[in-house]
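Reader: I work mostly with calculations, and I would love a close look at one part of this model before I set anything up. Please take me through the sheet and then through what surrounds it.

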2 protein chains.
Amino acid sequence: MKDLPNELVLDRELDAPRAAIWRCWSEPALLEQWFCPKPWHVTDAVLDLRPGGEFSTTMHGPNGEEFPNTGVFLELVPGERLVFTDAFAPGWIPSGKPFMAAHVTFEDAGDGKTRYVARALHWTAEARQEHEAMGFHPGWNAAADQLESLAKTL
Amino acid sequence: MKDLPNELVLDRELDAPRAAIWRCWSEPALLEQWFCPKPWHVTDAVLDLRPGGEFSTTMHGPNGEEFPNTGVFLELVPGERLVFTDAFAPGWIPSGKPFMAAHVTFEDAGDGKTRYVARALHWTAEARQEHEAMGFHPGWNAAADQLESLAKTL
């Protein structure tokens with residue numbers, strides 16, 4: 001995939017098999033364990049794994065902060081690829097201020113490892129900058145560390 | 001479907017069978033004949049009838065105006081329902097300034113007629129107002145007249 005406008009990319013090799021990484025992305029009880037960098041955590045994960053299906057979580061901060069996020073899946077290829085966005089609520093209802101579409105891919109990298117690429121694509125250069133300033137790179141990297149650790153236990 | 005925020009609605013009974021109305025919406029050579037109120041017209045219709053598939057047209061005005069539009073289908077139930085948006089280009093690439101998602105439904109209304117409901121849902125109240133001021137109601141009604149006339153010939 002060539003570079004796209006207004007994108008931020010995390011591209012890493014994780015030391016866990018693709019099937020385990022996929023489970024961590026697709027099972028709510030697993031997703032809640034890694035999706036937010038500690039000391040934040042996620043509850044109430046809903047993953048309706050079909051195009052247009054709900055993908056929502058509530059993020060909790062160490063000081064009682066609480067941020068519900070609602071979006072939908074746009075595309076799913078089990079074990080290989082998922083795409084989701086916050087631009088719609090379930091039922092294809094335009095929602096909030098469209099911020100990003102995330103394209104996440106999983107590829108076998110040999111020796112039980114997985115190439116894990118997560119792209120955040122934004123509608124505007126401003127949204128991309130805002131996301132980078134909010135800590136896209138450290139945040140998504142820390143979450144990927146948690147993902148890798150959890151997947152290794154499966 | 002209850003009223004939704006930031007929506008504009010066209011709700012009409014058309015004097016043509018549902019299958020014919022669906023053909024006019026799903027076959028490029030037919031869509032080009034009715035989709036834009038005359039004296040405007042549409043060329044280069046692309047209808048890739050699957051979730052994420054391209055839905056694009058080029059609109060031409062009587063003074064040589066030319067407006068390409070690119071979007072994607074979000075959901076399709078042949079003969080019953082289609083949903084599309086300009087918020088994405090094919091490949092789920094965030095595109096332009098997200099303006100609307102259109103939800104179009106077709107229901108048998110007896111005697112070979114069809115209840116035709118087209119909802120334009122917007123991300124903001126401003127976009128809804130802009131769309132109304134651009135002539136949503138007269139424009140979509142005139143196009144629906146053309147759709148009905150064409151479908152009756154099929």
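Author: Happy to help: what follows starts with the sheet and moves outwards to helices, side-chain pairs and the contact between chains.

A word on conventions comes before the tour. This is a predicted model, in which local features need pLDDT of at least 70 and side-chain atom pairs count only at pLDDT 80 or more, while totals for chains, interfaces and linings use all residues; side-chain values use heavy atoms, with hydrogens and water left out. Residues are numbered from 1 along each chain as its sequence is written, and chains are lettered from A and ligands numbered from 1 in the order in which they are written.

Let's begin with chain A. Its open sheet has seven strands, in the order E1-E9-E8-E5-E4-E3-E2, with antiparallel pairing. Strands (E, at least two residues) and helices (H or I, at least four) are DSSP runs numbered from the N terminus, and two strands pair if DSSP finds at least two bridges between them. Strands of a sheet pair through backbone hydrogen bonds, either parallel or antiparallel. In chain A, strands E1 (7–14) and E2 (41–47) each have a single partner strand, so each edge strand has one side without a neighbour in the sheet. On average, neighbouring strands of this sheet are turned by 20° against each other, direction ignored; the axes are lines fitted to C-alpha atoms, for helices over the stretch in contact, and angles run from 0 to 180 degrees between N-to-C directions.

At the E1 edge, the partner of E1(A) is strand E9 (residues 114–122) of chain A, joined to E1(A) antiparallel by eight bridges. Within this pair, A:Leu10 sits opposite A:Ala118 of E9(A). Across the sheet lies helix H1 (residues 18–26) of chain A, in contact (heavy atoms within 4.5 Å) with E1, E2, strand E3 (54–60), strand E4 (66–77), strand E5 (81–85), strand E8 (100–108) and E9 of chain A. H1 runs at about 155° to E8(A).

Chain B can be read in the same spirit. Seven strands make an open, antiparallel sheet there in the order E1-E9-E8-E5-E4-E3-E2. E1 (7–14) and E2 (41–47) of chain B are the edge strands, each pairing on one side only. E1(B) is held to strand E9 (residues 114–122) of chain B by eight bridges, with the two strands antiparallel, and B:Glu7 has B:Leu121 in E9(B) as its bridge partner. Two helices lie across strands of chain B: H1 (residues 18–26) runs at about 155° to E8(B), whereas H4 (residues 136–152) lies across E1, E8 and E9 at about 30° to E1(B).

Some side chains tie these elements together. B:Asp108 and B:Arg18 meet in a salt bridge of 2.9 Å, N to O, where the term means a side-chain nitrogen of Lys or Arg within 4 Å of a carboxyl oxygen of Asp or Glu. This pair links strand E8 of chain B, which holds B:Asp108, with helix H1 of chain B, which holds B:Arg18, across 90 residues. At 56% relative accessibility B:Asp108 is exposed, while B:Arg18, at 24%, is partly exposed. The cut-offs are under 20% relative accessible area for buried and over 50% for exposed, with partly exposed in between (1.4 Å probe, protein chains only). Another salt bridge joins B:Glu27 to B:Arg23 at 2.8 Å, N to O; B:Glu27 is partly exposed at 29%, and so is B:Arg23 at 36%. In chain A, A:Arg50 and A:Asp48 meet at 3.0 Å, N to O, and they are partly exposed at 46% and 27%. Over all chains, the whole structure has 18 salt bridges.

How many of those bridges fall between chain B and chain A? The count there is zero. Still, 20 residues of chain B are in contact with 20 residues of chain A. About 1,500 Å² is buried between the two chains, with carbon and sulfur atoms giving 76% of it; buried area is the accessible area (1.4 Å probe) that two parts lose on being put together, summed over both. B:Trp92, B:Pro94 and B:Trp123 supply 42% of what chain B buries against chain A, more than any other three residues.
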